[in-house]
Amino acid sequence: MIIQPRTRGFICLTAHPEGAAQHIKNQIEYVKSKGKIANGPKKVLVIGASTGFGIASRITAAFGSDAATIGVFFEKPATEGKLGTAGWYNSAAFEKEAHAAGLYAKSINGDAFSDDIKKQTIDLIKQDLGQVDLVVYSLASPRRTHPKTGEQFASVLKPIEQPFTDKTVDFHTGVVSDITILPVDNPADIDNTVAVMGGEDWKFWIEDLKAAGVLAEGVKTVAYSYIGPELTYPIYRNGTIGRAKDNLEGTVPALNDLLKDIHGVSYVSVNKALVTQSSSAIPVVPLYISLLYKVMKEKGIHEGTIEQMQRLFAERLYTGQEVPLDEKGRIRVDDLEMRADVQEEVAKLWKETSTENLSEISDIEGYRNDFFQLFGFNFDEIDYEKDTNELVPVPSIG
Ligand code: NAD
Ligand code: NA
């Protein structure tokens with residue numbers, strides 16, 4: 001079928017399999033161009049492996065250090081006449097490239113929050129790899145069903161206590177307007193967001209993997225967090241999602257305790273703000289990202305998800321030396337984003353931004369391009385007028 005982008009709000013309803021494959025290829029080429037990561041991981045489980053930081057982590061492990069990878073994700077498969085989701089096509093393309101390179105790669109499609117998917121994953125590790133030496137936790141989800149109680153939690157993106165008014169952009173139209181986001185009126189919203197995006201599920205994964213004996217001596221596990229600038233604090237770090245990130249970061253000591261006897265270590269890596277399916281859903285943040293892109297590209301220090309993950313592996317996790325941490329024990333690859341000169345310029349531009357000057361002072365074009373590329377669109381190499389086969393099987397189990 002002929003596949004064109006079809007959007008509703010911040011969601012793209014269609015995805016292009018060949019474009020997604022191009023996206024994967026470009027990321028693989030980047031990782032290869034940086035050379036092999038000495039002392040890199042060899043057997044890797046990536047939870048949330050199909051898009052964003054997760055697929056970039058999987059590509060870095062596979063093509064940066066020849067790792068066997070198992071990817072867990074929740075995507076819609078393509079069926080006759082019906083498109084799959086972008087993450088499905090990404091994973092199909094990744095597996096094809098990995099297999100062509102002689103690398104082990106299998107995937108599990110299902111709810112990572114469930115006990116059943118954890119068990120299937122453990123069985124697959126036992127059957128094929130024995131143990132894993134790295135577990136990447138890169139889930140981003142709006143909801144979670146608790147595996148022990150069956151309770152359903154929905155996360156919300158709201159400030160706490162004070163209403164928050166600031167600029168936001170509709171990145172499709174380029175219209176900049178003021179938005180007021182009311183604070184949570186129900187304290188349960190905070191707990192629910194923590195239940196979805198906090199550290200409990202990461203802990204459940206590591207507990208189950210450890211109990212099954214599938215974590216190798218010296219195993220590492222890493223989950224991803226965000227801090228960002230003061231201007232987004234009310235909606236991000238000091239909002240409901242920030243509470244979840246506090247909780248995720250607060251899980252590290254418990255995991256380190258759990259892993260102590262096998263000399264394992266857990267980390268949270270604070271990553272840069274980037275266009276992903278998850279971040280495009282947060283108000284205010286897309287405008288910040290558009291300005292940030294402009295400033296960082298002008299300074300020649302812009303990075304995408306693959307550059308971030310390659311740097312995380314090569315210059316933080318696997319240097320053969322101690323992993324550098326901040327005063328709160330976190331890995332920082334948001335260091336370039338948070339540089340004082342970058343933040344000062346973004347803050348200055350932020351005050352000036354309007355619908356009229358948006359395309360001049362921000363990189364809204366780059367934002368849009370990245371957004372469409374998440375779904376396999378906007379690649380020069382692809383002829384989008386051409387018929388393409390929507391059916392690409394992923395040899396997943398589960
Ligand atoms: P994303 O939406 O691109 O990826 C989410 C992944 O989780 C996908 O692979 C999806 O299939 C999977 N997933 C969601 N629900 C699932 C479920 N129930 N079972 C199995 N898989 C499921 O998001 P992302 O932006 O790459 O986010 C990954 C992590 O990075 C999150 O913790 C996020 O907060 C963090 N982070 C993001 C940014 C950013 O700017 N995007 C910055 C710093 C940190
Ligand atoms: Na991800």
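The protein chain comprises 13 helices and 13 strands in this predicted model. With 398 residues, a compact globule would be expected to have a radius of gyration near 21 Å, and the 20 Å found for the protein chain agrees with that expectation. Along the principal axes, the C-alpha atoms of the chain occupy a box of roughly 60 × 50 × 45 Å. Buried residues account for 49% of the 398 residues. Of the contacts between residues at least 6 apart in sequence, 77% join residues at least 24 apart.

An open sheet of seven strands is present, with parallel pairing and the order E5-E4-E3-E6-E11-E12-E13. Strand E5 (105-109) and strand E13 (331-332) form the edges of this sheet; each has a single partner strand, and therefore one side of each lacks a neighbour in the sheet. At the E13 edge, two bridges join E13 to strand E12 (residues 265-270), and the two strands run parallel. Within this pairing, serine 269 has isoleucine 331 of E13 as its bridge partner. Helix H7 (residues 240-250) packs on the sheet, where it touches E12 and strand E11 (215-225). The direction of H7 makes about 165° with that of E11. Helix H3 (residues 86-100) lies across strand E4 (68-73) and E5, and runs at about 160° to E5.

Ligand 1 is surrounded by 29 residues, of which Gly48, Gly52, Ala112, Tyr224 and Thr276 are the closest. Helix H2 (52-65), E4 and E11 are the elements that each supply two or more residues to this shell. The greatest contribution comes from H2, with three residues. By residue class, the shell around ligand 1 consists of 13 nonpolar, 14 polar and two charged residues. Strands E4 and E11, which contribute to the shell, are also members of the seven-stranded sheet.

Helix H10 (residues 305-317) is mostly covered, ten of its 13 residues being buried. The buried positions are Thr305, Ile306, Glu307, Gln308, Met309, Gln310, Leu312, Phe313, Ala314 and Leu317. The elements covering these residues include helix H1 (17-33) and H2, together with strands E11, E12 and E13. Helix H2 thus appears in two settings, as a contributor to the shell around ligand 1 and as part of the cover of H10. Strand E11 likewise supplies residues to the ligand shell, helps to cover H10 and is touched by H7.

Notes
Residues numbered from 1 in each chain as written. Chains lettered and ligands numbered in written order. Predicted model: local features only at pLDDT ≥ 70, side-chain atom pairs only at ≥ 80, totals over all residues. Helix = DSSP H or I, 4+ residues; strand = E, 2+ residues; numbered from the N terminus. Rg over C-alpha atoms; globule rule 2.2 N^0.38 Å. Buried ≥ 20, exposed ≤ 12 C-beta atoms within 10 Å, placed from the backbone. Contact = placed C-beta atoms within 7 Å. Pairing = 2+ DSSP bridges. Axes fitted to C-alpha atoms, helices over the stretch in contact; angles between N-to-C directions. Near = placed C-beta within 6 Å. Nonpolar A, V, L, I, M, F, W, Y, C, P; charged D, E, K, R; others polar.
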